[in-house]
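Me: I am new to this structure. Please take one close look at its aromatic rings and at the part that follows from them.

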Amino acid sequence: MSSVPASAPTNRASAHIDFAGSPRPTIGVEWEFALVDAQTRDLSNEATAVIAEIGENPRVHKELLRNTVEFVSGVCDCTAQAMEDLRDTLRPARRIVRDRGMELFCAGTHPFAQWSTQNITDAPRYAELIKRTQWWGRQMLIWGVHVHVGISSAAKVMPIMTSLLQYYPHLLALSASSPWWGGHDTGYASNRAMMFQQLPTAGLPFHFQKWAQFEGFVYDQKKTGIIDHMSEIRWDIRPSPHLGTLEVRVSDGVSNLRELGALVALTHCMVVDLDRRLDAGETLPTMPPWHVQENKWRAARYGLDAVIILDAESNERLVTDDLPDLLNRLEPVAKSLHCVDELASVADIWWLGASYQRQRRVAEEHDGDLRAVVDALVGELDI
């Protein structure tokens, strides 16, 4: 990731990109699940059959791998509405999955599955991705959560996106759920974060401040053949112009609605807080890209034990010491967004243990049997 000064020239070649805009700060949630065999606890490549049985449903999507089903909410006004929307879709889907001898599983990675045994979904865009990325593309045995937040105008998107990077380590540390890779403990809280950034156009976004800079970037990407469509920009935080949203893709896969609601509320509040500060005439704070990059690594490596860099002055603090102050500051925003309880439950994550910590605890209690970890994660789905 590199920095682009706000004063960077914008009269270079570019293509106009319409941003739909949202009249209010709505949210939408995308939640990726893997299918696991109820007996072996290994991944099952049966997503095509499951989706076919579910039938035509705009809330259910296929993904790159045939072991994955994505569930999405509609356009919602608050976290509770989004969670109920997802629950309504998940309940009948889980019955279908169980009737086929499988379970729904969600974490950033599967504890012991092997990438080499997974099948790719039959679709031209996935075939092209694998053709281009080869070994790294086939390695993407990962699952995450994406949260869309409505933004009123294109002029706000880049300042909010760049300033939101300050809180990247908070979101990743709280959601980290991928300590395992192919049966081995990686030593990381989120190995998913490290894996996904290996794809071209993935990882941290550039430090843009103006929409025209983003338009110029997209023009360059298309002209040089790096992308054919904007959806191929796979940043951890990215604009979705056709939806009028900022899409926050930082979080690892989440195993249960309680934690998901907490993370969605936190994301919603952080974005809206920055939006309102822009409306108040404030210049949003940013950090040098090298600090943002280091914070991502620290959160991926150490999770809730990460000492993060707070600002451009290089001040540091343990992330769990900084989170209470962040939650307190966001409480008035949460009241206006009707998610006070969900935001408050963020604190439960570090009090009870994040997913990566719970997984390691289960493995230790079962003499390293990672099938028990799968069972524990499956059992956490509270729908």
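**Aromatic rings and a helix**

Reply: Start with two rings. Phenylalanine 33 is buried, and phenylalanine 71 is buried too. Buried means under 20% relative accessible area, exposed over 50%, and partly exposed in between, using a 1.4 Å probe and protein chains only.

Some ground rules come next. This is a predicted model: local features need pLDDT of at least 70, side-chain atom pairs count only at pLDDT 80 or more, and totals for chains, interfaces and linings use all residues. Residues are numbered from 1 along each chain as its sequence is written, and side-chain values use heavy atoms, with hydrogens and water left out.

Now the pairs. Rings of Phe, Tyr and Trp (its six-membered ring) pair if their centres lie within 6.5 Å; planes under 30 degrees apart count as stacked, over 60 as edge-to-face and the rest as tilted. That rule gives 14 aromatic pairs. In one of them, phenylalanine 33 and phenylalanine 71 have ring centres 5.7 Å apart and planes at 80 degrees, so this pair is edge-to-face. Phenylalanine 33 sits in strand E1 (residues 27–37) and phenylalanine 71 in strand E3 (residues 68–72), so the pair ties together parts 38 residues apart in sequence. Strands (E, at least two residues) and helices (H or I, at least four) are DSSP runs, numbered from the N terminus.

Take another pair. The ring centres of phenylalanine 208 and phenylalanine 217 are 5.9 Å apart and their planes are at 55 degrees, so this pair is tilted. Phenylalanine 208 is buried, as is phenylalanine 217. Both belong to one aromatic cluster, with Phe19, Phe206, Trp211, Phe214 and Trp235.

Three names from that cluster return in helix H8. Its buried residues are Trp211, Gln213, Phe214, Glu215, Gly216, Phe217, Val218 and Gln221. What covers them includes helix H5 (154–164), strand E9 (234–235) and strand E10 (237–240).

Check the length of H8. The expected span of a helix is 1.5 Å times one less than its number of residues. H8 has 13 residues (211–223) and should span 18 Å; its end C-alpha atoms are 18 Å apart, which agrees. Just after H8, glycine 225 takes a positive phi of about 80 degrees.

Last, confidence. The mean pLDDT (the predictor's confidence in each residue, from 0 to 100) is 93, and 97% of residues reach 70 or more. Over residues 1–10 the pLDDT is below 50. Where pLDDT is low, the predicted coordinates should not be read in detail.

Methods. Contact = heavy atoms within 4.5 Å.
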